[in-house]
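Biologist: I am new to this structure and would like a close look at a single part of it. Please pick one helix, and then show what surrounds it.

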Amino acid sequence: MNAENPIWALISTFGLMSLFAVGGAAAAVPEMHRIAVEVHHWMTDKQFADAYAIAQLSPGPNVLIVTLIGYAVAGIPGALAATLAMCLPTALLAYYVSRLLNRPSQSRWPGLIQAALVPLSIGLMAASALILAESTDRTLAALLLTATVAVVASVSRINPLWILLVGGLLGFAGIV
Amino acid sequence: MSEDSAPAAQQPVQEPDGLATSAVPPGLLALFLAFARMSLAGFGGVLVFARQAIVEQHRWMTADEFNETFALCHFLPGPNIVNLSMVFGARLRGIAGGIAAFAGLLLPPTLIMTVLAIIYARFGDVDVLRRSLAGISCAAVGLLIAVVFRMMTPLLKRLDAVALILMLGVFLAIGVLRLPLQAVLLVAIPVSVGAIFLMRRKVAA
């Protein structure tokens with residue numbers, strides 16, 4: 001359990017990160033990027049963007065981008081360690097808090113705190129979008145694709161999977 | 001993975017949300033399988049499928065109970081849907097139920113993700129895969145921007161200046177200045193709670 005052990009680094013990093021991840025997985029992406037790319041150099045910018053794309057394209061909670069980061073650092077044990085560190089502590093916390101709150105009370109603090117967290121989590125997600133766009137949108141065509149998807153997905157209820165597949169096809173064809 | 005098992009047998013009559021839940025709590029295996037199924041169906045987010053399965057298909061919770069449970073998991077830290085699986089499973093079957101739902105939600109996609117990671121590590125340099133992933137990344141960022149817009153709409157409609165300033169501040173601190181998340185939140189959360197507390201008092205007065 002020394003500080004150099006990559007598994008331990010993954011567990012402490014993601015365990016701590018999850019406790020600050022208000023607003024879900026998308027809001028934690030900038031911090032994952034900062035830690036994995038800028039602080040520890042576990043991945044390149046491009047690898048991180050690819051990991052995000054794979055996590056979006058696969059079934060399951062989007063938080064599982066940590067599985068890919070963990071694998072890049074320490075293989076299969078790393079993948080499992082990162083996933084559990086990111087998911088288990090907060091799930092147990094949620095379990096204990098829900099037991100506590102099940103005694104009904106009319107406190108207005110939960111509502112107030114929730115309202116206070118909304119703008120923060122939107123800001124975090126916007127920051128995720130910026131950081132990811134900086135690493136993926138290196139050409140004009142790529143920027144146009146991102147912008148088009150942003151508009152189409154904002155105004156329609158089209159299944160995101162189709163949009164991702166179209167993006168993949170455009171990339172496959174060498175257009176973006 | 002089979003999508004074809006329960007619904008036909010369980011829904012003799014189409015009824016609106018919010019009706020009585022089924023009397024017998026599901027077993028641990030049923031919880032595990034139900035969450036595995038909604039997780040594998042959930043491309044780009046599991047919440048929609050979770051609600052559909054828990055409230056409409058299995059009737060394990062009423063719509064109101066589900067909203068309450070989700071609101072709690074939303075304002076706690078961590079991946080919301082993962083928190084939800086633990087809280088929900090524990091409500092029905094104690095801590096063992098929580099762990100069964102948690103494992104069902106995470107185990108199958110984690111295995112898939114690990115296989116994808118192995119494939120990427122081996123073939124990530126192959127040009128065709130690299131180009132396709134680049135295209136998917138561009139689209140994925142576009143989707144994220146769209147979600148941000150949708151979430152911002154109520155704030156913009158209300159011209160909620162305080163919330164918009166807080167949002168912009170977090171965006172600049174994290175996205176542009178690249179400050180560490182913990183430091184930013186340690187400042188931003190008290191400021192935001194304080195601001196909204198004062199605003200509500202003013203409205204009430």
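Modeller: A:Trp8 sits in helix H1 of chain A. This is a predicted model. A:Trp8 counts as partly exposed because it has 15 C-beta neighbours inside 10 Å. Its C-alpha atom is separated by 39 Å from that of A:Val176, which is 168 residues further on along the chain.

The helix for the close look is H7(A). H7(A) consists of 13 residues and reaches 18 Å from its first C-alpha to its last, close to the 18 Å expected at 1.5 Å a residue. Its buried residues are A:Pro160, A:Ile163, A:Leu164, A:Gly167, A:Gly168, A:Leu170 and A:Gly171. Because these residues cover an arc of only 160° around the axis, they are on the same side of H7(A). What do the buried residues of H7(A) pack against? They pack against H3 and H6 of chain A, together with helix H6 (127–157) of chain B. Just after H7(A), A:Gly174 has a positive phi of about 80°.

The surroundings of this helix include the contact between the chains, which takes 85 residues from chain A and 80 residues from chain B. H7 (160–172) is among the elements of chain A that give two or more residues to the side touching chain B, and H1 (6–20) is another of them. The largest share of that side, 23 residues, comes from H5(A). By type, the residues of the side of chain A that touches chain B divide into 60 nonpolar, 21 polar and 4 charged.

Next comes the nonpolar core. The largest one has 129 residues, and those that touch the most other members are A:Tyr52, A:Ile65, A:Leu68, A:Ile69, A:Met125, B:Leu144 and B:Val170. H4(A) gives the most to this core, with 18 residues. Domain 1 (7–123) and domain 2 (138–204) of chain B both give residues to the core, so it lies between them. Leaving aside residues up to four places away in sequence, A:Tyr52 touches A:Val29, A:Ile65 and A:Leu132, as well as B:Ser137 and B:Ala140.

As for the partner, chain B has 8 helices and 0 strands. Buried residues make up 41% of its 205 residues. Among the contacts in chain B with a separation of 6 or more, 54% are between residues 24 or more positions apart.

Note on methods
Residues are numbered from 1 along each chain as its sequence is written. Chains are lettered from A and ligands numbered from 1 in the order in which they are written. This is a predicted model: local features need pLDDT of at least 70, side-chain atom pairs count only at pLDDT 80 or more; totals for chains, interfaces and linings use all residues. Two residues are in contact if their C-beta atoms, placed from the backbone, lie within 7 Å. Helices (H or I, at least four residues) and strands (E, at least two) are DSSP runs, numbered from the N terminus. Ala, Val, Leu, Ile, Met, Phe, Trp, Tyr, Cys and Pro count as nonpolar, Asp, Glu, Lys and Arg as charged, and the others, Gly among them, as polar. A residue is buried if 20 or more other C-beta atoms lie within 10 Å of its own, exposed if 12 or fewer, and partly exposed in between; C-beta atoms are placed from the backbone. A nonpolar core is a set of buried Ala, Val, Leu, Ile, Met, Phe, Trp, Tyr and Cys residues joined through C-beta atoms within 7 Å. Domain bounds come from an automatic or database domain assignment. The expected span of a helix is 1.5 Å times one less than its number of residues. The arc is that of the directions from the helix axis to the C-beta atoms.
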